[in-house]
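This report concerns one protein model and takes up, in turn, a helix pair, a sheet and the internal cavities. Please consult the sequence and coordinates shown here alongside the text.

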Amino acid sequence: MANPSSSPSPSSHGRILQFAPFQSIVDDGFWRRLSALKLDTLRVDQSPIPISGFYAPCSHSSVSNYMTLLSESLPSDSNAQSLLEPVRGNRNKCPIPGTLLNTNTMESFRALDKGSLLKAEAKRILEDICSGRAEEEPSVLLRFLVISFADLKKWGFYYWCAFPALVLDPPATLLNLKPASEVLNSDEVVSLSAACSEWRNSSVTTDVPFFLVSINSNSAAILRPLKDWEFCKGEGQKVLFGFYDPCHLPTNPGWPLRNFLAFISLRWNIEKISFFCYREKQGSADMTLSLIGEALVSPPSAWRDPQCIPKAVGWEPKGGKLMPRFVSLAELMDPERLAVSAAELNLKLMRWRTLPSLDLDMLSGVRCLILGVGTLGCEVARILMAWGIRKMTLIDSGRVAMSNPVRQSLYTFQDCLNGGEFKANAAARNLKQIFPAVEAEGIVMPIPMPGHPIAAKETDTVLESCKRLEDLIDSHDITFLLTDTRESRWLPTLFCSNKNKIAITAALGFDSYLVMRHGAGPMPTTSPCATAADVGSTGPRLGCYFCNDVVAPIDSVSNRTLDQQCTVTRPGLAPIASALAVELLVGLIHHPDKINAKGEIAGSIVSSSDEQPLGILPHQIRGSLSQSSQLTLLGHSSHSCTACSEAVVAEYRQRGLEFVLQAINQPTYLEDLTGLTELKDSVGSFKLDWVDDDAINEEDGDDF
């Protein structure tokens, strides 16, 4: 597949080979570090600064990878003008060398001779090819240039990136380009995938972007560094020239191939070149996304002249036009804004690579109501922040006890003093200390519960709490039920069912946990957008936390021993359940059916078209630490449920808070309303006639 030739001849077949341009993205940290370098070290010095950029192979079929500049791309303050210390990368950060020219004035920036700068960088690449340096250090073929002007008074940065590419004259001719899985046989595909994985997993080669692929007659593939070219020229071998391709397009190779073709044709005098565009999917070699092509290349004879200044292209366009870019960090220089930028970085990287459909705007606008700010509530709030959810209201009526800070991550020793601060207030305040941009509000409020009768003089207070809770659930998008007792989850479950709001429950045992999402309400709400066809349109309604119960919620607090009064669980349990609860929420709000999404069970999806980017969307997740096990379960709503059944929700809609008061004060009311009382009576009245085994044996003895 690689044919040496001393005199290439033109071909009338094929088409001009076109390359997808390299794209850059500059992290805010790069500009912050450059600002410090300019103020403290460079001052008025405009000498070129050696820098490093980072890129990786394409890892998604619809998203190309960028060349990224990070704070670590710049040298340390002490050796800004010296050579950049060798940078070791990893499988997601392949380092490539570059040069930064930072000017002192905007006029100097505009006056830079961009054509000459590009040619100078191209000449350095050509010299590295001719000298053989590119064989030893292949990354020099990707040398890049950045020119900039830093207006530190206004915290604005003008910059322009160039990726110099030698211009082939005549242009390279593309003979064919197909997915690797279509060019190679099945054995070769398997062998090449394994060889690529080995190359990518080795700390020695994972950040080497150019390599040789040799495939022998037994379909065995081996990856070698460029300096091993002599070992690949044997007869009976297919030879491919491979490179990490950042481009995702199935019709074009990425920009790194341009200088690689020039290197191959000039250094090894090869006319017909078979190249391998290596691409990945979720960190593994993808032979369907990767491409194998063949091109005819004829390097200009002038390149062999040591004094040659080659033609070059490579200035990065902006919106299709050749012009510089501008970024303002005036707002980001505020520490709070910097915190926001840093917090969003991981989410943006997720969207660039594996989750292009991740809706960060939707996440930032979601309003979460957290009922119970104990072990579960603290963890849920923190993980919500990590997902970019900024708006949350925390409800709890308890105070921070001395035993809380070691288990509940939002509290400190200071919160326990003087009788303890209210948990809701302390949690909201500490969330803002962790991340100032969070919009957290703490509300000290008890949740009325069935089985806890109230005195007549407390009626108005309880009704006020009920009304306030209902208003809060109505004004939020999601409600997390994370309270300590079963009965405290009944009223919010009822309100969520009535308003058709998303509810997520997490509950703990000693070494087991339950995480579940409640199904939609039993009938249309008063919303003009909701119809009977909308609710449950995807099948039977999913059940709520109370759907599997055959008794109404009752008082589980009174007359309990110390170990029953405290939430006694294994310390590692709450973070697991809390993480699953938040992940369940994120998957649910990204699902097109939202609250009406069907419950899925692990291993039940048979069609890849049904898969959501975040994975399956279960109804219930039950896990056990002692067994190191986890199950996904599905349960439909019960017509006898004391919280979400049609009978209960309809009664509430008709009678309002009067119904709630009766449910609180009369322990058997909910069971009477839903038919559970009748069910239990019928079971209790069922009679069985017991027959003595000995009597049977005596009667049937003659039959033996």
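In this predicted model, the crossing of helices α12 and α17 is right-handed. Helix α12 covers residues 459-475 and helix α17 covers residues 657-665; the two pack at an angle of about 115 degrees, and their axes are 11 Å apart. On the α12 side, the contact is formed by Thr 459, Val 462, Leu 463, Cys 466 and Lys 467. On the α17 side, Leu 657, Val 660, Leu 661 and Ile 664 take part. Classified by residue type, this contact of α12 with α17 comprises seven nonpolar, one polar and one charged residues.

The model also holds an open sheet of eight strands with mixed pairing, in the order β21-β20-β19-β22-β23-β24-β25-β26. Its edge strands, β21 (439-443) and β26 (629-633), each pair on one side only. From one strand to the next, the twist averages 15 degrees. Strand β20 (residues 391-395) runs parallel to β21, and five bridges join the two. Within this pair, Leu 394 of β20 is placed opposite Gly 442 in β21.

Which helix lies across β19, β22, β23, β24, β25 and β26? That element is α15 (residues 573-590), which runs at about 15 degrees to β24 (512-517). The other strands beneath this description include β19 (367-371), β22 (478-481), β23 (502-508) and β25 (620-624).

Turning to the interior, there are two cavities of 30 Å³ or more. The table gives their volumes and the classes of their lining residues.

| Cavity | Volume | Nonpolar | Polar | Charged |
|---|---|---|---|---|
| Largest | about 60 Å³ | eight residues | one residue | one residue |
| Second largest | about 30 Å³ | three residues | four residues | no residues |

The largest cavity is lined by Phe 22, Leu 141, Leu 142, Arg 143, Phe 163, Pro 164, Ala 165, Trp 255, Pro 256 and Asn 259. Two elements, β8 (156-166) and α7 (256-267), give two or more residues to this lining. Of the elements, β8 gives the most, with three residues.

How many charged residues are in the lining of the second largest cavity? There are none; the lining has three nonpolar and four polar residues. The residues concerned are Gly 587, His 591, Gln 612, Leu 614, Gly 615, Ile 616 and Leu 617.

Notes:
Residues are numbered from 1 along each chain as its sequence is written. This is a predicted model: local features need pLDDT of at least 70, side-chain atom pairs count only at pLDDT 80 or more; totals for chains, interfaces and linings use all residues. Side-chain values use heavy atoms; hydrogens and water are left out. Axes are lines fitted to C-alpha atoms, for helices over the stretch in contact, and angles run from 0 to 180 degrees between N-to-C directions. Helices (H or I, at least four residues) and strands (E, at least two) are DSSP runs, numbered from the N terminus. A crossing is left-handed if the near helix is turned anticlockwise from the far one by less than a right angle, and right-handed if clockwise. Contact means heavy atoms within 4.5 Å. Ala, Val, Leu, Ile, Met, Phe, Trp, Tyr, Cys and Pro count as nonpolar, Asp, Glu, Lys and Arg as charged, and the others, Gly among them, as polar. On a 1 Å grid over the protein atoms alone, a cavity is a set of points where a 1.4 Å probe fits but cannot get out, and a pocket is an open set with protein on both sides within 12 Å along at least five of seven lines; lining residues have an atom within 4 Å of a point. Grid points are joined across faces, edges and corners, and a volume is the space filled by probe spheres set on the points. Two strands pair if DSSP finds at least two bridges between them.
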